[in-house]
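Here is my note on the model you asked me to look over. Please read it with the structure open.

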Amino acid sequence: MANSGIQGKFFSGLFWVLLLNLLVKPLWIFGIEVGVQNAVGAASYGFYFSIFNLAVIFNILLDLGITNYNTRNIARHPQLLGKHLSHILSIKVLLLFVYVVATFTIGALLGYDSHQFYILAFLCFNQFLNSLLLYLRSNYEGLLLFKWDSVLSVMDRVLMIVICGALLFYSSHGAVPFAIEWFVYAQTVAYLVTVVFAFVVLVRRVGVCRLRWHRPFALLMLRRSAPFALLVLLMASYNRLDPILLSLLLPDGDTAAGVYASAFRLLDALTMIAYLVSVPLLPVYARLTHRYEPVVAGKELGDVTRLSFSLLQVFAVAVAVGLAFVASPLMQLLYVDHTAESADVFAVVVFCIIPISLTYIFGTLLTAGGHLRQLNILASVALTINVGANVLLIPRYGAVGSAWASLAAQSFMAVAQMIVAMRIYSMCPSASYVLRFVLFIVAVVGSNMACASLALPWLWQLAFAAVLSLLAAVLLRLIDFRAMLSLLTKRC
């Protein structure tokens, strides 16, 4: 595959996954999730959000790194798909039991009551369905079938939009108030339908699939995927512990967790862009790091990394700075209660998009190359930073302190991964590129300060600053639209 070919394959996959998700995810986040929180209130949503994050942290027990390993393995050896599918599905069914036992045990230690356990039970099943969907999608990604993967990446959200939208409409026009349980049930239905669809389409490619338990294969798979599992657990912990610690360390913990959730939701939406870039990036990196021609692969590796870095960091810096300037009116637009507190949290936590975007580039590269030991060491340090900073800052600063703790942990992880990856793969940006990127940051900050000084309506201020930031990126040659269009039209 030629240099332009592998970049074209990556960029084509990136185009489709971004296009569909940008059409669907904003409606889900700002129309449905925000609507649900406004309908049930910050305390009720914070109650749900803290339980949800517990379920997310331990969902690695549903996967144990199998999905990441499978993406990398199928990208390198696509002929193994038919053989591995039935065996891995049987492993995941067994892991469901392990996950439920572990999660309910932690819930008991945290003092959960019957209502919390009821919600946790459904969320555990939802996480199992989500894990199963991600595994099925990893096969499409490994085969570089990015268009099919793009459809599956939004199908569950489309179904949730329809179901939750109908429930919100019914609630607003009827006598029955919206219950947070409805939100959970809608997720169950949407995940279940999407999993069945993904499985049927995949089976049509590989033939009839029956669950088969093969103990030596299961042990081999779990042993190979264990480092991936540890990495995901550590990263999920320092990404998702904040609302749980807020609930435990503050008297009004559920409300504080709800305030944090309102700010974190926007960050989660923004970082989805970076995640979507990493979806086609992992199998592309896996094939490049598996090349026997190190000179050729090294050049392609540098080209793909530079393209990804430019796209994501231009986006991340411009968005983080621009939204921080309009945090207060943005929160007032989206939410009904606690808007001032949410704005203070958002003005800090939005900057996490910058290190998270870096992590999705260099962390993905190190994962594809099999450098799990280094990643696990770095993730352990990041988790220690996050927990320590939260314990120190939450009692004094509340949700804002938790936002600073998250930013500190994410920044450490991103910088450390970038340094390790550049050393391993002998990548060093030119002085010219570094200077141009620094000038871009200065231009973004200056543009937002200038627009803020004009006393424009905040949406106009944000729009003008975004246009000026994009113009600066083009003039500084960080983004080349003609080159990207050329890559999009290339075929392998």
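The points below take up individual residues, then aromatic pairs, a surface patch and two backbone angles.

1. Status of the model. This is a predicted model. Residue numbers count from 1 along each chain as its sequence is written.

2. Ile 244. This residue sits in helix α8, which covers residues 215-249. Its relative accessible area is 10%, and because the cut-off for buried is under 20%, Ile 244 counts as buried. What does Ile 244 touch once its neighbours within four places in sequence are left aside? The contacts are Ser 50, Asn 53, Leu 54 and Ile 57. For one of these, Asn 53, the separation from Ile 244 is 191 residues in sequence, while the C-alpha to C-alpha distance is 7.2 Å.

3. His 371. The loop between α13 (353-368) and α14 (372-397) holds this residue. Is His 371 buried or exposed? With a relative accessible area of 19%, His 371 is buried, since the cut-off is under 20%. The side chain of His 371 makes a polar contact of 3.1 Å with the side chain of Tyr 425. Not counting residues up to four places away in sequence, His 371 touches Leu 366, Ile 424 and Tyr 425. Tyr 425 therefore appears both in the list of residues touched and as the polar partner of His 371, whose relative accessible area is 19%.

4. Aromatic pairs. The structure holds 20 aromatic pairs. One of them is Tyr 118 with Phe 122: the ring centres are 5.3 Å apart and the planes meet at 65°, so the pair is edge-to-face. The angle decides this, because planes over 60 degrees apart count as edge-to-face. Both residues belong to helix α5 (residues 114-142), and being four residues apart there, Tyr 118 and Phe 122 are separated by about one helical turn. Tyr 118 is partly exposed at 38% relative accessibility, and Phe 122 is partly exposed at 27%.

5. Aromatic cluster. Which residues do ring pairs link into a cluster? They are Trp 28, Tyr 45, Tyr 48, Phe 49, Phe 52, Phe 183, Tyr 260 and Phe 264.

6. Nonpolar surface patch. Leu 110, Leu 248, Leu 249, Val 387 and Val 391 make a nonpolar patch of about 380 Å² on the surface. The elements that give two or more residues to this patch are α8 and α14. Leu 110 is found in the loop between α4 (81-109) and α5. At 32% relative accessibility, Leu 110 is partly exposed; the patch takes residues with over 30%, so Leu 110 meets that cut-off.

7. Positive phi at Ala 455. Most residues other than glycine have a negative phi. Ala 455 is not a glycine, yet its phi is positive, at about 55°. The residue lies in the loop between α16 (431-453) and α17 (458-475). Ala 455 counts as exposed, with 68% relative accessibility.

8. Positive phi at Arg 477. What is the sign of phi at Arg 477? Phi is positive, near 60°, in a residue other than glycine. Arg 477 is placed in the loop between α17 and α18 (481-489). Its relative accessible area is 58%, and because exposed means over 50%, Arg 477 is exposed.

Methods: This is a predicted model: local features need pLDDT of at least 70, side-chain atom pairs count only at pLDDT 80 or more; totals for chains, interfaces and linings use all residues. Side-chain values use heavy atoms; hydrogens and water are left out. Buried means under 20% relative accessible area, exposed over 50%, partly exposed in between (1.4 Å probe, protein chains only). Contact means heavy atoms within 4.5 Å. A polar contact is a pair of N or O atoms within 3.5 Å; within protein, one must be able to donate a hydrogen and the other to accept it, and residues adjacent in sequence count only if both atoms are side-chain atoms. Rings of Phe, Tyr and Trp (its six-membered ring) pair if their centres lie within 6.5 Å; planes under 30 degrees apart count as stacked, over 60 as edge-to-face and the rest as tilted. Patches are made of residues with over 30% relative accessible area and no salt bridge: like charges are joined within 9 Å, nonpolar side chains (Val, Leu, Ile, Met, Phe, Trp, Tyr) within 5 Å. Accessible areas come from the Shrake-Rupley method with a 1.4 Å probe; for residues, only the protein chains shown count as cover. A salt bridge is a side-chain nitrogen of Lys or Arg within 4 Å of a carboxyl oxygen of Asp or Glu.
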